[in-house]
Amino acid sequence: MKDRYAYYPGCLASLSQKELDSSSRAIMGKLGVELVEMPSVTCCGAGDIHEAKPDYYLHISARILGQAERSGCDTILTICNVCTLNLRQANERLRENPEELARVNDNLQQTGIGTYQGGVDVRHLLWEVSTGDGYERFKEIAVRSLEGLKVAPFYGCQILRPAKLLGFEDPDRPESLERLITACGAEPVDYPAKVKCCGFPIVLAREDVALGELVQPLSQATEAGADVMVTPCPLCHLSLDAWQAKAENTAGEEFNLPILHLAQLLGAAAGIEESTLKFRRHITRLSDDVKEKLKLPSVVSAD
Amino acid sequence: MEFTLKIERYDPDTDQGRLQEFTVDAPETATLLDVLDVVKDTVDGSVTYRKSCRMAVCGSCGMRMDGAAVLACKTPMAPLAEEGRVPVISPMGNLPVIKDLVVDMDPFWAKFKAVKPWLEEDDRPPVKEWRVQQEELDRIMKEALCIQCGCCVSECNSMEADPDFLGPAALAKAQRFVGDARDRDRSERLRTLNGPHGVWDCTRCYFCNQRCPKGVDPRDAIAKLGAEAFRERLTRDEGAKHAKVFVSSTYRGGYLRETELVPKTIGPIGAITQIPFALQLARAGKVPNPLSPHKAKDNAEVKRLWKLLEAQTPTTRERATRGADGAGA
């Protein structure tokens, strides 16, 4: 883990999923990491701009990477799967193709934008906290054991696949979330759909198809006895949390499965207060039993 | 070397399935297909699977190993045996099982045919041969490598939920022709592909790219089709409208305008039906204030960048002319 990162929360954590932003800042602060702000960055382009206007996507990504570079950081910290894949994909294309980088930089210069020299890596918070020094540091601050809490890990697609661009762990047998769940003192719950899709990218354009995908992880995790599900992606979170009631209609069964952002789970184990983790911003509410198992200070003090 | 594996057996006569374990000896260099051959030749002749070329060209031996689609002839077994893993071999997903590891490929081929996997030329044949420039061939080379094994289709998450989705193999093949400088049916192809069960059904799970044994990267091919549709201004599909909101949001303020996504993707009438859902989100604080959107600093830079790139993008007409010049003469 680095001591300084160029922090890139992306759109969702800056908008509807602000609880992810506050939780991520808090946990990284506790880990002794400095997050350097990049106030001029835009959306990463997501799959949408990448698909509709690929060259524009490449340029706005280069602009983001360039800003990170000029901030004096060698690594961007992401907290979203989609941002991670899109920035890494653009970064690889620019770093592997000097001619392409030169063309993009020429366009950036023509429009008065600082160029990108290719010196930045893009890493997700999950990767930084689940291995090496970051993992050791996290174990030290995870002072509240979440014993008895059964947690279903949900990875989401774009932190695993395509492995040639992400490459952090085996996309079919990932274990980073399980490692962190265990470090929190909780118990990971296994189920096949933990590496599958939540359907979010098409939940507005093709709601029926998306819900058909969303039902699988919710149903399997509930069946496996999970108290909560945890995900490193705010898009997966929104899908699993906000669309859960619709998925229940599709499946004809009740899930009532609270969905946690990874930073919230880590935060609960590190004793970060509820006012920062902001579970109240979730659509699927935490039951009293789950609150107790999460050792939320409000519940603990009430006892 | 000793290899143990479990095979998902299915008997169509009795409609019964079972998992059967086999242990056989085979050379250290054995692939999954070699091990299956030893099982069939020496233990149980009724074990059924497809095979032909044994060299990852014919695309016959697609099947799943521990849930992941592979070409049996391209999958070495020694690493698993050394780890002590006993893999479960099962038929590919998203296709009906006929017997054991053999799936019915008819639905696969029907989608393939639906995208017209052939070159549509002018009525008048060219007076000379079509000359294709190297860069034009490069544009479709990846998609042309497809061997139609079905490994991508097997794992397609959208197809699990919508069996009528054209899917990664057919769409990659479609891109191979949409991107072909000689093809004269490009616009019509794109119109069809941008309809129901087409390009915008893809949920970007990237399983297809992960599984493809030939590096076709079908998801990337689907993204190319989306970009081609935008160039042709074919943006009536809800998926394309969704993408348009992202593009216009970054232009106007840098960040996504989430509150515009619903009305602009599914239209005002569809949006009205979503009001109860939106209120639920609003109560949890999940609806950003549409009157005061979150904006990035210095977004004038992005506007300038957009304008420059739009000026650089060759128009469809120019591309078509260039294509004819390059390919015709």
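**Sheet, chain contact and a loop glycine**

In strand E2 of chain B, the residue that serves as the bridge partner of B:Glu2 is B:Asp25. The model in which this pairing is found is a predicted one. A further bridge of this kind joins B:Lys6 to B:Glu21, the latter again lying in E2(B). Both pairs can be placed in the wider arrangement of strand E1 (residues 2-11) of chain B and E2(B), which pair in the antiparallel sense over 10 bridges. The two strands form a hairpin with four residues between them, and in the turn B:Asp15 has a positive phi of about 60°. In general terms, the strands of a sheet pair through backbone hydrogen bonds, and they may do so in either a parallel or an antiparallel sense.

The hairpin strands belong to an open sheet of chain B, in which five strands follow the order E2-E1-E5-E3-E4 and the pairing is mixed. Strand E2 (16-25) and strand E4 (68-71) of chain B are the edge strands, each of them pairing on one side only. From one strand to the next, the twist averages 35°. Helix H1 (residues 32-42) of chain B packs on this sheet, where it touches E1, E2, strand E3 (62-65) and E4 of chain B; the direction of the helix makes about 100° with that of E2(B).

Turning to the contact between the chains, 54 residues of chain B are in contact with 50 residues of chain A. Several helices of chain B give two or more residues to the side that touches chain A, among them helix H6 (157-161), helix H10 (218-231), helix H12 (258-273) and helix H14 (300-312). The largest share of this side, nine residues, comes from H11(B). When the residues on the side of chain B that touches chain A are sorted by class, 27 are nonpolar, 15 are polar and 12 are charged.

In chain A, A:Gly185 is found in the loop between helix H9 (176-183) and strand E6 (187-188). A:Gly185 is classed as partly exposed because 16 other C-beta atoms lie within 10 Å, a count that falls between the limit of 12 or fewer for an exposed residue and that of 20 or more for a buried one. Once its neighbours within four places in sequence are left aside, A:Gly185 is in contact with A:Ser145, A:Leu146, A:Glu147 and A:Ala269. A:Gly185 and A:Arg144 are 41 residues apart in sequence, while their C-alpha atoms are 7.9 Å apart in space.

Terms used:
Residues are numbered from 1 along each chain as its sequence is written. Chains are lettered from A and ligands numbered from 1 in the order in which they are written. This is a predicted model: local features need pLDDT of at least 70, side-chain atom pairs count only at pLDDT 80 or more; totals for chains, interfaces and linings use all residues. Two residues are in contact if their C-beta atoms, placed from the backbone, lie within 7 Å. Ala, Val, Leu, Ile, Met, Phe, Trp, Tyr, Cys and Pro count as nonpolar, Asp, Glu, Lys and Arg as charged, and the others, Gly among them, as polar. Two strands pair if DSSP finds at least two bridges between them. Axes are lines fitted to C-alpha atoms, for helices over the stretch in contact, and angles run from 0 to 180 degrees between N-to-C directions.
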